[in-house]
Amino acid sequence: MHPIADALPDALCYLDGSYTPLRDAKVSVLDRGFIFGDGIYEMVPIYGGWPFCFDEHMARLERSLAELQIRNPLSTAQWRAIARHLIDAAPEAQRAGMQGLYIQVTRGVAPRDHAMPKGLAPTVFVMLNPMKPVADSARAQGVACVSAPDFRWQKAHIKATSLLGAVLARQISVEARVAETIMFRDEGLSEASSSNVWVVKDGIVSGPPRDHLVLAGIRYGLIERLCADAGIPFTLRRIARDEVFGADELLLSSASKEVLPVVTLDGRAIGTGRPGPIYQALYAGYQRALARSTQEQGATA
């Protein structure tokens, strides 16, 4: 066995109605998620044992399932109960840190045929993954990124398991030894390989519109709320490539990155080449939102 496979954690996971050690979990090779990538996923961040923006993640899971014509096999309450069971089963040291609740739903098992069969039982898999927080040095100094054409498909708004395009895009930045690959479609900003991208100019935060070309991350709504709380103008619109390179600040957002400043793109400085005041305001607001969420959930537990 490959040494990475040997190192698989023995943590508990949920698979089709049962809890089992992760290394013992098995799915049919004829599962359409394995054969076609015919499924969706969600990653819910967990802080100190409490999920963040859980309802928003569940709403996006529902939207993605509807796009693939897969019925949601569980209610929000059932998804929450699975999350709680896995969180409580994790070692105390792991619960105290940052984790990601990974949810995957595929169409199910069927003979290989491109057409979507009716009446399949969806395959449901849930596990906890440790999430590595962004280093303090990256927050203080900002990160470097590279750009690339957006060569993915035209339904980027679906959080589908068929992530080969994102994998190839992410590998570009890995080989360049930078944080992310920021992508452009027809010279317009779309997103990064696993992050949304925000442009700051003259004190205004702008992002690409919510459409089929962008996976509107849960932080789309959160960034808008944080901007409103801080009195920062916010807009969604088409953003040209030149605007990105000419930005005063450039930001990434995702479940693991939260909000992160980009200070160089393709070796060119963005703004002053240092994290700016809009980033500082949004990151501070993000931490306040996290603290409120944890406090509220703890009070009702």
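This passage describes one helix, two enclosed or open spaces and three single residues of a predicted model.

Because the model is predicted, local features are reported only at pLDDT of at least 70 and side-chain atom pairs only at pLDDT 80 or more, whereas totals for chains, interfaces and linings use all residues. Residues are numbered from 1 along each chain as its sequence is written, and side-chain values rest on heavy atoms, with hydrogens and water left out.

Helices (DSSP runs of H or I, at least four residues) and strands (runs of E, at least two) are numbered from the N terminus. Helix α3, residues 54–67, comprises 14 residues and reaches 20 Å from its first C-alpha to its last, close to the 20 Å expected at 1.5 Å a residue, the expected span being 1.5 Å times one less than the number of residues. Within α3, the residues F54, H57, M58, R60, L61, S64 and L65 are buried. They lie on the same side of α3 because they cover an arc of only 160° around the axis, the arc being that of the directions from the helix axis to the C-beta atoms. In this context, an α-helix has 3.6 residues a turn, so residues three or four places apart point the same way. Burial here means under 20% relative accessible area, exposure over 50%, and partial exposure the range in between, with a 1.4 Å probe and protein chains only. The cover over the buried residues of α3 includes β3 (39–47), β4 (50–51), α4 (76–89), β5 (98–106) and α8 (218–230). A66, also placed in helix α3, counts as exposed because its relative accessibility is 53%; its C-alpha atom is separated by 9.5 Å from that of I158, 92 residues apart along the chain. The helix is followed by Q69, whose phi is positive, near 60°.

Empty space was examined on a 1 Å grid over the protein atoms alone, where a cavity is a set of points at which a 1.4 Å probe fits but cannot get out, a pocket is an open set with protein on both sides within 12 Å along at least five of seven lines, and lining residues have an atom within 4 Å of a point. Grid points are joined across faces, edges and corners, and a volume is the space filled by probe spheres set on the points. The second largest pocket holds about 500 Å³ of space and is lined by 17 residues, of which L22, A25, K26, V27 and F125 lie nearest its centre. At least two lining residues of this pocket come from each of α2 (32–36), β5 and β6 (123–130), and by class the lining has 9 nonpolar, 5 polar and 3 charged residues. The structure holds 1 cavity of 30 Å³ or more, and the largest cavity contains about 50 Å³. Its lining residues include D248, E249, P261 and R274, with β13 (249–254) and β14 (258–265) each supplying at least two.

K257 is found in the loop between β13 and β14 and counts as buried at 12% relative accessibility. Contact being defined as heavy atoms within 4.5 Å, K257 touches V134, R139, E180, S194, S195 and L252, residues up to four places away in sequence not being counted. S206, in strand β11 (residues 204–207), is likewise buried, at 2% relative accessibility.

Notes:
Nonpolar A, V, L, I, M, F, W, Y, C, P; charged D, E, K, R; others polar.
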